[in-house]
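Here's a walk through a protein model, with an eye on its salt bridges, its sheets and its aromatic rings. Have the structure open while you read.

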Amino acid sequence: MADPNSFGIAGLLGWPVAHSRSPVIHNHWLAHYGIPGRYMLFGVPPERLEAAVHGIAVLGFRGCNVTTPHKQAIFPLLDRVDDLARRIGAVNTVVVEKDGTLTGFNNDGNGFVQSLRDADPRWRPDTGPILVLGAGGASRAVVASLAAQGAKEIRLANRTLDKANEIADAVSGVVKVVPWEKREEALDGVALLANATSLGSAGKPPLEISLYRLPKGALVGDLIYVPPETPLLAEARKRGNVTVNGLGLLLNQARPAFNAWFGVMPEITPALKQAIAATF
Ligand code: ATR
């Protein structure tokens with residue numbers, strides 16, 4: 001890491017990046033903790049990723065976040081990648097070490113799990129069976145983190161069965177693949193239902209699932225945060241389930257990154273949540 005007294009720079013590498021709320025989060029914390037620095041967006045096309053990543057250390061950045069389409073492509077450009085990120089197969093956070101080498105992490109799944117625990121402190125990954133819908137990159141991060149944190153049974157349903165099988169192979173023995181058509185039966189007895197498909201996000205059709213079999217005490221999480229309440233979360237809330245949207249993931253994945261870059265584990269306060277809400 002650079003001299004802690006110097007102006008600290010971090011940012012997001014992606015293509016495109018304009019939609020990101022990460023600058024609001026990190027710049028809010030920099031101001032709140034009186035740390036001189038700035039978090040910025042860097043639009044980096046795929047063919048310039050290598051040059052950009054080399055530039056991070058050369059220019060004295062504290063580190064960066066990485067988003068689509070660079071989360072996998074960045075692997076060979078890093079000096080080391082931690083175990084969880086390796087299992088997930090994607091990096092979302094890079095830390096520039098004191099010696100200028102680069103370490104990759106993935107805080108997305110742990111951020112989601114933490115946001116669920118914030119919403120219902122009694123819930124833990126091993127409280128009961130879990131149903132995860134979707135098998136893209138976000139699903140893989142969530143499934144790997146749930147397994148790493150002690151989940152005993154993760155039912156995984158995806159329209160494309162092969163992609164669910166790939167996650168089951170990559171993660172561990174606790175993942176049971178369920179055909180997409182059987183997703184409602186798979187709600188029996190779950191302690192958590194998590195939507196990691198894009199269904200229900202702005203401009204997409206809603207997720208079709210009857211919650212008739214979902215236990216009333218189950219948590220319902222959706223990785224989507226635009227809109228803040230998907231039709232799935234609205235229906236779950238109306239029948240009495242505790243619900244969590246994807247903003248909790250965004251905020252909780254940012255905490256360990258900020259800590260690694262700037263040396264303070266920041267808090268998620270009502271003022272920060274308000275600052276994010278103001279961007280919608
Ligand atoms: P991310 O990186 O955010 O996870 P993604 O990789 O595009 O995004 O994954 C989107 C997920 O939504 C996938 O699980 C996808 O299912 P497929 O693997 O079958 O493509 C799911 N999804 C998108 N549209 C869907 C639809 N109309 N019906 C069912 N699942 C859908």
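Let's start with Arg124, which counts as partly exposed because its relative accessibility is 42%. Keep in mind that this is a predicted model. Arg124 makes a salt bridge to Asp126, with 2.9 Å between the closest N and O atoms. Asp126 is partly exposed too, at 28% relative accessibility. Lys152 joins in as well: Arg124, Asp126 and Lys152 are linked in a network of salt bridges.

How many salt bridges does the structure hold? The count is nine. Here are three of them, with the distance between the closest N and O atoms.

| Acid | Base | Closest N and O atoms |
|---|---|---|
| Asp126 | Arg124 | 2.9 Å |
| Glu153 | Arg155 | 2.7 Å |
| Asp188 | Arg213 | 3.1 Å |

Are Glu153 and Arg155 buried or exposed? Both Glu153 and Arg155 are buried.

Now for Asp188 and Arg213, which form a salt bridge with the closest N and O atoms 3.1 Å apart. Asp188 sits in the loop between S9 and S10, while Arg213 sits in the loop between S10 and strand S11 (219–222), so their salt bridge ties together parts that are 25 residues apart in sequence. Asp188 is partly exposed, with 37% relative accessibility, and Arg213 is partly exposed with a relative accessible area of 35%.

Those loops take us to a sheet. Six strands make up this open sheet, and their order is S9-S8-S7-S10-S11-S12, with parallel pairing. Which strands are at the edges? They are strand S9 (175–179) and strand S12 (242–244), and each of them pairs on one side only. From one strand to the next, the twist averages 20 degrees.

Zoom in on one edge: strand S8 (residues 154–158) pairs with S9 in the parallel sense, over five bridges. If you'd like a residue pair to look for, Asn158 has Pro179 in S9 as its bridge partner. Helix H5 (residues 137–148) packs on this sheet, where it touches strand S7 (130–133), S8, S9 and strand S10 (192–195). The direction of H5 makes about 170 degrees with that of S8.

There's another open sheet of six strands, this one in the order S2-S1-S3-S5-S6-S4 and with mixed pairing. S2 and strand S4 (80–81) are the edge strands, each with a single partner strand, so one side of each has no neighbour in the sheet. Inside the order, strand S3 (residues 63–66) and strand S5 (residues 93–96) pair in the antiparallel sense over three bridges. One spot to check is Gly63, whose bridge partner in S5 is Val95.

Which helices pack on this sheet or lie across its strands? Helix H2 (residues 49–58) packs on the sheet and touches strand S1 (8–14), S3, S5 and strand S6 (102–105). The direction of H2 makes about 170 degrees with that of S1. Then there's H8, which lies across S1, S2, S3 and S5 and runs at about 10 degrees to S5.

H8 also brings us to the aromatic rings. A search of the whole structure turns up seven aromatic pairs. One of them is Tyr33 with Phe258, a tilted pair at 6.4 Å centre to centre and 45 degrees between the planes. This pair links distant parts of the chain: Tyr33 is in the loop between helix H1 (22–32) and strand S2 (37–43), Phe258 is in helix H8 (residues 247–262), and the two are 225 residues apart. Tyr33 is partly exposed, with a relative accessible area of 28%, whereas Phe258 is buried, at 0%.

Trp261 and Phe262 make an edge-to-face pair, because their ring centres are 6.2 Å apart and their planes are at 85 degrees. Trp261 and Phe262 are both buried. Put together, ring pairs link Trp29, Tyr33, Tyr39, Phe258, Trp261 and Phe262 into a cluster.

Finally, two arginines sit over rings. The charged end of Arg21 is over the ring of Phe280, 4.2 Å from the ring's centre. Arg183 lies over the face of Trp180, at 4.3 Å from the ring centre.

Conventions
Residues numbered from 1 in each chain as written. Predicted model: local features only at pLDDT ≥ 70, side-chain atom pairs only at ≥ 80, totals over all residues. Heavy atoms only, no water. Phe/Tyr/Trp six-rings, centres within 6.5 Å; stacked < 30°, edge-to-face > 60°. Helix = DSSP H or I, 4+ residues; strand = E, 2+ residues; numbered from the N terminus. Buried < 20%, exposed > 50% of the residue type's maximum accessible area, 1.4 Å probe, protein only. Lys NZ or Arg CZ within 6 Å of the ring centre and 35° of its normal. Pairing = 2+ DSSP bridges. Axes fitted to C-alpha atoms, helices over the stretch in contact; angles between N-to-C directions. Contact = heavy atoms within 4.5 Å. Salt bridge = Lys/Arg side-chain N within 4 Å of Asp/Glu carboxyl O.
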